[in-house]
Amino acid sequence: MILLLLLIFFLYKETFHPAASFMVIVTILVVLGILTPEEALSGFSNKQVALIALLLVVSSIIKKFEITGYLFRKLVNENLSYKSFLTRLMGVVSFLSAFLNNTPIVATLMPYVYAWGKKKGISPSKLLIPLSYAAILGGTATLIGTSTNLVVNGLTVEAGLKPLGIFDFSYVGIPAIIVGLLYMILFGNKLLPERKDIVSTFLEKKREYLVETFVPAGSPIIGKTVKEANLRNLEGLFLVEIIRKKKRITPVSPKDTIEEGDILIFAGETEKIVELVKGNNGFQLPQVCSANLNGKTEIVEGLIPYNSSLVGKRVKDTDFRAKFDAAILAVHRNGEKLKGKIGEIVLKPGDLLLILAGKDFWKRVADSDDLYVITKVREILPVEEKKALLILIMFLLAIFLSALGIFSLLQSLLILISIFVVFKIATYSEIKKSIDLNLIIIAALSLAIGKAMVKTGLAESLAKTVTTFTEPFGVVACLFAVYVVTNVLTEFVTNLAAASISFPVALSVANSLSVDPKAFILVVAFAASASFITPIGYQTNLMVYGPGNYKFADFLKVGFPLSVLYMMVTIGILSLMYL
């Protein structure tokens with residue numbers, strides 16, 4: 001129990017990377033003899049973990065051909081009204097998320113949603129939460145829609161029970177999508193804030209994007225005060241602080257004198273930062289930004305996703321230029337006042353970066369899941385669109401052949417990926433790069449955590465506590481309690497952690513009540529994915545948090561009613577089907 005609480009603390013406080021947190025706890029369990037090395041590592045040979053890896057490969061190949069962008073442009077046109085756009089957006093995204101990894105879907109469609117809103121004069125804050133919610137809702141509709149469902153299925157098999165089918169989730173998932181869509185169209189959209197995007201609000205909030213400059217030798221402003229150098233009168237830019245060797249001067253006084261080698265930290269709007277790059281004001285951008293980035297340059301905005309290898313690294317340690325033919329010009333973190341040198345900022349999931357991009361940037365970023373560009377839509381060749389549609393049809397065919405029992409899901413995906421390799425649709429190096437090792441480690445070690453909970457009797461002990469309080473009110477009350485505990489956990493730690501912690505307890509509750517465990521197994525899967533009320537509970541919420549200029553309370557206001565409706569649909573249908 002102490003180690004479980006320690007895991008929750010590590011995940012909530014982001015003490016380590018989530019995968020590292022799981023590794024530390026499982027290592028302690030092995031050292032203490034609670035788990036054998038074989039038990040700790042058995043998750044890596046679990047079929048469901050292998051399926052997660054294969055689905056990541058397929059999702060990456062589909063992302064490469066911009067299939068989601070292609071479908072979006074075919075199904076959503078510019079002449080739609082706001083509610084019609086919202087309906088089609090959520091419909092398309094929830095369908096795609098039922099079969100594909102939802103993180104790249106949201107990343108790919110964000111620029112399209114941005115562009116549509118800009119043309120219609122509609123704020124991104126009225127569009128991006130629905131995009132994220134649709135991805136979450138769609139992911140719960142099938143076994144392969146989210147890694148959470150596959151981990152729950154892995155735990156089910158580990159417990160010696162019959163594995164779940166691809167569409168066992170659809171009886172709840174599809175009605176939940178319909179209810180969620182109706183809620184957002186009829187009520188939820190009215191609760192969404194009408195808020196300017198980040199770029200538009202820089203002049204009003206001169207603190208969120210930081211850009212670092214330095215005063216070179218021979219600069220005309222050396223020896224002048226801030227006032228004399230006109231550093232207080234730069235339109236759209238604000239001098240936040242001066243860093244002089246190890247000394248930090250903040251707030252900056254108009255009487256402070258500029259010295260050679262001073263680091264000047266400004267905050268301001270995108271357009272003015274672009275002018276700063278081009279201008280001659282007596283100070284320069286750091287050498288990594290000033291240097292010619294392989295020819296033609298442009299400035300774009302990018303987002304750090306949850307599983308990026310850049311997370312936890314200082315900007316100066318990312319080797320950003322070599323990796324992307326680009327330089328990080330500025331950093332924005334929603335709701336947090338950043339300070340100090342850009343190079344010293346430790347990157348977090350959801351950070352927005354203002355990027356000086358070289359001519360090879362687009363080619364390199366297309367092959368990476370470490371960064372998503374959110375303010376520019378890439379052009380797609382018509383030839384690629386035809387190939388993209390064929391790939392999507394092949395993928396859906398592989399899923400339905402598996403559902404019909406002709407092949408297992410593992411066989412179907414292996415055949416599909418082999419076809420991709422043979423016909424040079426994807427290379428081996430692309431396949432290798434597309435496997436998210438962090439996710440695989442978390443999924444495999446989640447199974448080890450669940451095993452330790454069962455082995456030590458903790459799951460049974462917690463189950464007795466749950467049934468003692470809820471059994472007098474009926475079996476449905478027990479189901480409700482399991483849902484609430486799992487859902488609260490998932491809002492503050494990772495959904496895989498929530499599922500692995502709650503699953504053994506849910507199974508013990510079902511066994512003590514002598515009822516069909518399937519209702520309790522599925523309720524854990526649905527509750528672990530239904531993260532609507534905080535931006536930190538699910539990666540797609542975190543992705544839209546900054547670009548939509550949302551506040552924490554926005555998710556609570558819009559997501560809480562949806563969370564209640566989703567819970568009612570889930571518990572209601574599962575009770576009717578299994579209890």
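Me: Contact means heavy atoms within 4.5 Å. With that in hand, what share of the contacts in the protein with a separation of 6 or more joins residues 24 or more positions apart?

Reply: That share is 79%. Before you lean on it, this is a predicted model, where local features need pLDDT of at least 70 and side-chain atom pairs count only at pLDDT 80 or more, while totals for chains, interfaces and linings use all residues. Residues are numbered from 1 along each chain as its sequence is written, and side-chain values use heavy atoms, with hydrogens and water left out.

Me: How many helices and strands does the protein have?

Reply: There are 24 helices and eight strands. Both are DSSP runs numbered from the N terminus (helices are H or I with at least four residues, strands are E with at least two).

Me: How do you know that Thr467 is called buried?

Reply: Buried means under 20% relative accessible area, exposed means over 50%, and partly exposed is in between (1.4 Å probe, protein chains only). Thr467 has 9%, so it falls on the buried side. You'll find Thr467 in helix 19 (residues 458–470). Skipping neighbours within four places in sequence, Thr467 is in contact with Pro472, Val509, Ser512 and Leu513.

Me: And why is Ser529 called buried?

Reply: Its relative accessibility is 2%, so it passes the buried test too. Ser529 belongs to helix 22 (residues 517–529). With neighbours within four places set aside, the contacts of Ser529 are Ile136, Thr140, Thr146, Thr148, Asn149 and Tyr538. Across the 579 residues of the protein, 58% count as buried.

Me: What makes Phe16 partly exposed?

Reply: Phe16 has a relative accessible area of 39%, which lands between the buried and exposed limits, so "partly exposed" is the right label. Phe16 sits in the loop between helix 1 (2–13) and helix 2 (18–31). Leaving out neighbours within four places in sequence, Phe16 is in contact with Phe10 and Ser21. Its C-alpha atom is also 8.3 Å from that of Gly312, although the two are 296 residues apart along the chain.

Me: Which residues have the most contacts inside the largest nonpolar core?

Reply: Those are Met110 and Phe395, in a core of 160 residues. A nonpolar core is a set of buried Ala, Val, Leu, Ile, Met, Phe, Trp, Tyr and Cys residues joined through side-chain atoms within 4.5 Å. Not counting residues up to four places away, Phe395 touches Leu55, Val58, Ile62, Phe99, Leu100, Ile144, Leu413 and Leu416. Apart from this core lies another, of 21 residues, including Phe324 and Leu353.

Me: Why is helix 8 called roughly antiparallel to helix 10?

Reply: Start with the axes, which are lines fitted to C-alpha atoms over the stretch in contact, with angles from 0 to 180 degrees between N-to-C directions. Those of helix 8 (residues 128–139) and helix 10 (residues 170–191) come within 9 Å and cross at roughly 165 degrees. Under 35 degrees counts as roughly parallel, over 145 as roughly antiparallel, 65 to 115 as roughly perpendicular and the rest as oblique, so helix 8 is roughly antiparallel to helix 10. Helix 8 makes this contact with Pro130, Tyr133, Leu137 and Gly138, and helix 10 with Ala176, Ile177, Gly180 and Met184.

Me: How many residues of each class are in the contact of helix 8 with helix 10?

Reply: Six are nonpolar, two are polar and none are charged. Here Ala, Val, Leu, Ile, Met, Phe, Trp, Tyr, Cys and Pro count as nonpolar, Asp, Glu, Lys and Arg as charged, and the others, Gly among them, as polar. So Gly138 and Gly180 go in the polar pile.

Me: How is helix 20 oriented relative to helix 21, roughly parallel or roughly antiparallel?

Reply: Helix 20 (residues 475–492) and helix 21 (residues 495–513) pack at about 165 degrees, with axes 9 Å apart. That angle is past the antiparallel cut-off, so helix 20 is roughly antiparallel to helix 21. By class, their contact has nine nonpolar, four polar and no charged residues.

Me: Is Ser514 buried or exposed?

Reply: Ser514 has a relative accessible area of 67%, which is beyond the exposed limit, so it is exposed. Ser514 is in the loop between helix 21 and helix 22. It also has a positive phi of about 55 degrees although it is not a glycine.

Me: What is phi of Asp325 near?

Reply: It is near 50 degrees, again a positive value in a residue other than glycine. Asp325 has a relative accessible area of 5%, so it counts as buried. Its place is the loop between helix 13 (320–324) and strand 6 (326–332).
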